[in-house]
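Open the model in your favourite viewer and keep the sequence beside it. The exercises come with worked solutions, so try each one before reading on.

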Amino acid sequence: MAVGPLARIIAQVIVPAIAVLVRALPAAYAQALGNAKKGGVTAAQAVTRKAMSKEEALQILNLHQEEKLTAEAIQKQFEKYMSANEVKRGGGGSFYLQSKVYRAKELLDEFIDEKKEEQQTKAKSPEQ
């Protein structure tokens, strides 16, 4: 018989708490979108993360822009940092750092591919 009054007390605490959350969450989201718009950012940009820049990718892989950027140099640094941050090792690894290294390599590989395509296009255009 003691369960009835206890359940009623718990319900009296939980129901108002849920009602507060139901009203507060949409208001907080609307305010966040409003703040993002004031900063010149669209709602989609506010939610999604910006892409990594080439300079950031070079810093992550410890490469310098002055150096001749080659696929071999990128691969060497990639392997070095991926193995250094291996999660399976004795607790010293970081999946977050591995993902940053992977994304940096991916971006720089795309950059090299684009550069090769530009060079091929330039080489073909004088012939025509």
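Below are five short exercises on this predicted model.

**Exercise 1. The fold**

Task: Find how many helices and strands the chain has, and write down their pattern.

Solution:
- Step 1. Counting the elements gives five helices and zero strands.
- Step 2. Reading along the sequence, you should arrive at α-α-α-α-α.
- Step 3. Now turn to burial: of the 128 residues in the chain, 15% count as buried.
- Step 4. Finally, look at the contacts with a separation of 6 or more: 50% of them come from residues 24 or more positions apart.

**Exercise 2. The largest pocket**

Task: Work out how many residues line the largest pocket, and which of them lie nearest its centre.

Solution:
- Step 1. Start with the volume of the largest pocket, which is about 280 Å³.
- Step 2. The lining consists of 14 residues, and those nearest the centre are K68, L69, T70, I112 and K115.
- Step 3. Ask next which elements give two or more residues to this lining: they are α3 (54-60) and α5 (95-127).
- Step 4. The biggest share belongs to α5, which supplies five residues.
- Step 5. Sorted by character, the lining residues of the largest pocket comprise five nonpolar, four polar and five charged.

**Exercise 3. The aromatic pair**

Task: Locate the one aromatic pair in the structure and describe its geometry.

Solution:
- Step 1. The structure holds one such pair, and its partners are F78 and Y102.
- Step 2. A pair of rings is described by the distance of the centres and the angle of the planes.
- Step 3. For F78 and Y102 the centres are 6.4 Å apart and the planes make an angle of 55 degrees, so the pair counts as tilted, a class that lies between stacked (under 30 degrees) and edge-to-face (over 60).
- Step 4. Place the partners on the chain: F78 sits in helix α4 and Y102 in helix α5, so the pair links distant parts of the chain, 24 residues apart.
- Step 5. Compare their surroundings: F78 has a relative accessible area of 13% and is buried, whereas Y102, at 41%, is partly exposed.

**Exercise 4. A lysine in a helix**

Task: Is K105 buried or exposed, and what does K105 touch?

Solution:
- Step 1. K105 belongs to helix α5.
- Step 2. The relative accessible area of K105 is 16%; because this is under the 20% cut-off, K105 is buried.
- Step 3. Beyond its neighbours within four places in sequence, K105 is in contact with L61, I74, Q75 and F78.
- Step 4. One of these contacts, F78, is also a member of the aromatic pair of Exercise 3.
- Step 5. The side chain of K105 also makes a polar contact of 2.6 Å with the side chain of D109.

**Exercise 5. Two asparagines in loops**

Task: Find the loops that hold N62 and N85, and state whether each residue is buried or partly exposed.

Solution:
- Step 1. N62 is in the loop between α3 and α4, while N85 is in the loop between α4 (71-84) and α5.
- Step 2. N62 has a relative accessible area of 43% and is partly exposed.
- Step 3. With 14%, N85 is buried.
- Step 4. Check the backbone of N62: its phi is positive, about 55 degrees, although N62 is not a glycine.
- Step 5. For N85, list the contacts beyond its neighbours within four places in sequence: G93, S94, L97 and Q98.

Methods. Residues are numbered from 1 along each chain as its sequence is written. This is a predicted model: local features need pLDDT of at least 70, side-chain atom pairs count only at pLDDT 80 or more; totals for chains, interfaces and linings use all residues. Side-chain values use heavy atoms; hydrogens and water are left out. On a 1 Å grid over the protein atoms alone, a cavity is a set of points where a 1.4 Å probe fits but cannot get out, and a pocket is an open set with protein on both sides within 12 Å along at least five of seven lines; lining residues have an atom within 4 Å of a point. Grid points are joined across faces, edges and corners, and a volume is the space filled by probe spheres set on the points. Helices (H or I, at least four residues) and strands (E, at least two) are DSSP runs, numbered from the N terminus. Ala, Val, Leu, Ile, Met, Phe, Trp, Tyr, Cys and Pro count as nonpolar, Asp, Glu, Lys and Arg as charged, and the others, Gly among them, as polar. Buried means under 20% relative accessible area, exposed over 50%, partly exposed in between (1.4 Å probe, protein chains only). Contact means heavy atoms within 4.5 Å. A polar contact is a pair of N or O atoms within 3.5 Å; within protein, one must be able to donate a hydrogen and the other to accept it, and residues adjacent in sequence count only if both atoms are side-chain atoms. Rings of Phe, Tyr and Trp (its six-membered ring) pair if their centres lie within 6.5 Å; planes under 30 degrees apart count as stacked, over 60 as edge-to-face and the rest as tilted.
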